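Trainee: I'm new to this one and would like to get my bearings before going further. Could you show it to me and talk me through the sheets?

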Amino acid sequence: ASTHCLSGADIKQFAYVLVAEGCCGAARDFAALLALQLSEESAVWTGLLHAANAAVRRAIGSGGVKVAHHLTLLVCHHAANANNAVNAANAVDMKIFTPSLAQPHSLTLPASPRSQMWQCMLAGRSLTTTLHDHNAARNAEDLVMVDPSLFDPAHPLTLTYTPLHTPHPNNHPVQAMFRCVCQVVEDPKPSVTIPNEHDVEGDEKDFKEAEIGHFLQEHVSLLLDMLATLAGSVFSAHLQHQGEQMAMRALHASAEAEEKKLAVALAACSRMKKLHRVACREALLLLDPPTCAEVPHPAALPPLAASQEVCVKLLAAVRGLLRTEGQALLLLHDDDPAETGPSPASFRVIFTGDALTWPGVGQGSFGLVSGSHSGSLVRAAMAAKKPVVVADLCKDPRYGRWVDGEAAEGSPALLVPLRGRGGAVVGVLLAARGPPATVRPGHRRGRSVSFRSQDDARNAPSPFSSEDVAAAEICSAMGSLSLYWCQGVGGVHSELHRTLAKMERLETAVQRLQQPRGTASQPQHPQGRRG
């Protein structure tokens with residue numbers, strides 16, 4: 001080595017150094033880099049460059065020949081157009097990683113066919129060339145970001161490009177490449193001996209001559225090929241790890257979202273349980289004895305009085321649950337809803353509170369209303385067969401004052417259909433709140449039991465929440481059962497009246513038959529007349 005002439009043993013030793021010091025050391029460094037599990041791609045590229053640079057330095061420095069080198073890593077930016085890394089201006093967007101810089105340098109290089117870098121990108125394989133004129137314009141693209149102080153301009157440079165084939169979503173064939181610039185510092189003799197390609201075990205007899213530069217060129221290219229393979233595998237493992245991390249984060253995010261959904265569902269279930277419990281407790285008012293003290297049970301009342309008693313208690317339960325200022329029940333006037341047609345003309349109405357009024361009808365007693373020639377929200381709710389919520393009762397285009405009642409502007413309302421036999425709609429439960437300006441001081445709106453916070457109630461887009469609607473539907477169902485019971489009692493009550501009248505007539509006839517003869521009452525004649 002001191003005389004710039006390598007023997008066969010020196011050549012084998014140098015090849016061993018290339019593998020042992022270069023590849024094996026790089027494999028250890030790459031494994032250590034992979035164990036760090038870096039999250040940033042730039043940090044991975046920087047680590048790969050430093051490990052490869054150390055491997056080249058060890059391999060070349062241990063061969064006995066003084067060689068200067070400069071290793072860089074070129075990474076293509078992936079453009080969003082069809083040409084991937086090549087943009088519309090026929091240029092290449094790149095990041096250049098160098099051992100002397102902590103951060104990569106970004107620049108755009110023109111896509112010149114004379115550039116070895118461009119040819120390597122298109123071919124997707126290693127390319128090696130010798131540059132004799134360092135300052136030539138045609139070599140400027142290949143020597144960009146290369147420190148000129150490391151090399152002697154009097155001697156040629158060996159330039160090697162080696163691509164890293166790594167998978168990437170945009171499927172560009174070359175994403176990154178190693179660029180190694182080498183130069184023999186001392187002027188070597190014109191020839192050295194290298195082993196025959198068919199006899200690498202060599203007994204030092206069969207050797208041919210070649211230049212040291214050519215020897216270094218071939219072996220540095222081979223070393224870079226092995227380093228590029230190792231680096232590509234490391235970067236592929238990094239991408240796989242990143243994909244696994246993204247999948248894990250997505251899985252965790254999905255699990256958190258499902259947990260939040262479960263928490264919301266459990267909270268809603270808890271609210272519904274509380275709502276059902278409170279609504280059932282309020283509905284127990286239907287079991288209270290009638291207001292008439294001499295009657296112990298509603299069954300003893302006439303059918304109309306029993307229905308009125310049930311309706312008043314039901315409206316009291318609605319007021320306690322929804323905290324409304326006006327509530328009413330509108331029932332079909334005909335007993336058979338099938339005979340009323342799709343647009344019933346008249347309703348029996350009973351209401352309490354001051355937010356709703358019907359002319360000529362007093363609170364707590366039935367009255368008859370009709371509006372056969374106009375629409376109404378009551379008919380709309382009956383036709384829809386589901387609850388209807390309106391923010392302003394009077395401004396709704398379906399509003400009809402003769403059926404829906406009179407209310408102040410800005411009064412929100414809730415209408416819930418009442419079901420009868422066979423699922424037919426037999427009436428509507430109407431609950432209304434007064435406009436905000438008419439709320440009395442100290443009167444808090446909302447339910448008697450808070451199913452949601454005051455902020456939620458204030459910011460809710462609907463004047464009646466889903467819990468309000470559910471509570472009204474529970475009251476409507478229980479009221480429908482009670483009214484159906486009252487209708488059944490009405491038939492029994494009529495039959496009892498007919499039976500009682502027959503019994504009274506029979507009792508009178510029996511009493512007449514049981515009177516003895518001659519005791520029958522004789523007609524009294526007026527005084528002064530003689531028989």
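Mentor: What follows is a walk through the two sheets and the helices that pack on them, and please keep in mind that this is a predicted model.

Trainee: Okay, take the sheet with strand 9 in it; what order do the strands come in?

Mentor: That is an open sheet of 6 strands in the order 11-10-9-14-13-12, and the pairing is antiparallel.

Trainee: Which strands stand at its edges, and what does that leave them without?

Mentor: The edges are taken by strand 11 (367–370) and strand 12 (388–390), and each has a single partner strand, so one side of each is left without a neighbour in the sheet. Neighbouring strands here are turned by 25° against each other on average, if direction is ignored.

Trainee: How many bridges join strand 10 to strand 11?

Mentor: Strand 10, which covers residues 346–353, is joined to strand 11 by 4 bridges, and serine 346 has serine 370 in strand 11 as its bridge partner.

Trainee: And which strands does helix 5 touch?

Mentor: Helix 5 (residues 303–322) packs on this sheet and touches strand 9 (326–332), strand 10, strand 13 (413–419) and strand 14 (425–432), with its direction making about 140° with that of strand 9. Helix 6 (residues 377–384) packs on the sheet as well, touching strands 9, 10, 12, 13 and 14, and its direction makes about 125° with that of strand 14.

Trainee: What comes just after helix 5?

Mentor: Arginine 323 sits there, and it takes a positive phi of about 55°.

Trainee: Back to strand 9, then: are its residues buried or exposed?

Mentor: In strand 9, 7 of its 7 residues are buried. Side chains in a regular strand alternate between the two faces of the sheet. Here both faces are covered, with Gly326, Ala328, Leu330 and Leu332 buried on one side and Gln327, Leu329 and Leu331 buried on the other.

Trainee: What about its pairing with strand 10 and with strand 14?

Mentor: Strand 9 runs antiparallel to strand 10, with 7 bridges joining them, and alanine 328 is partnered by phenylalanine 351. Its antiparallel pairing with strand 14 extends over 6 bridges, where glycine 326 has alanine 432 as its bridge partner.

Trainee: Switching topic, what is the strand order in the sheet that holds strand 1?

Mentor: That open sheet of 6 strands has the order 3-2-1-6-5-4, again with antiparallel pairing. Strand 1 (residues 67–76) is joined to strand 6 (residues 176–184) by 9 bridges, and one of the bridge pairs is leucine 73 with phenylalanine 178.

Conventions:
Residues are numbered from 1 along each chain as its sequence is written. This is a predicted model: local features need pLDDT of at least 70, side-chain atom pairs count only at pLDDT 80 or more; totals for chains, interfaces and linings use all residues. Side-chain values use heavy atoms; hydrogens and water are left out. Two strands pair if DSSP finds at least two bridges between them. Helices (H or I, at least four residues) and strands (E, at least two) are DSSP runs, numbered from the N terminus. Axes are lines fitted to C-alpha atoms, for helices over the stretch in contact, and angles run from 0 to 180 degrees between N-to-C directions. Contact means heavy atoms within 4.5 Å. Buried means under 20% relative accessible area, exposed over 50%, partly exposed in between (1.4 Å probe, protein chains only).
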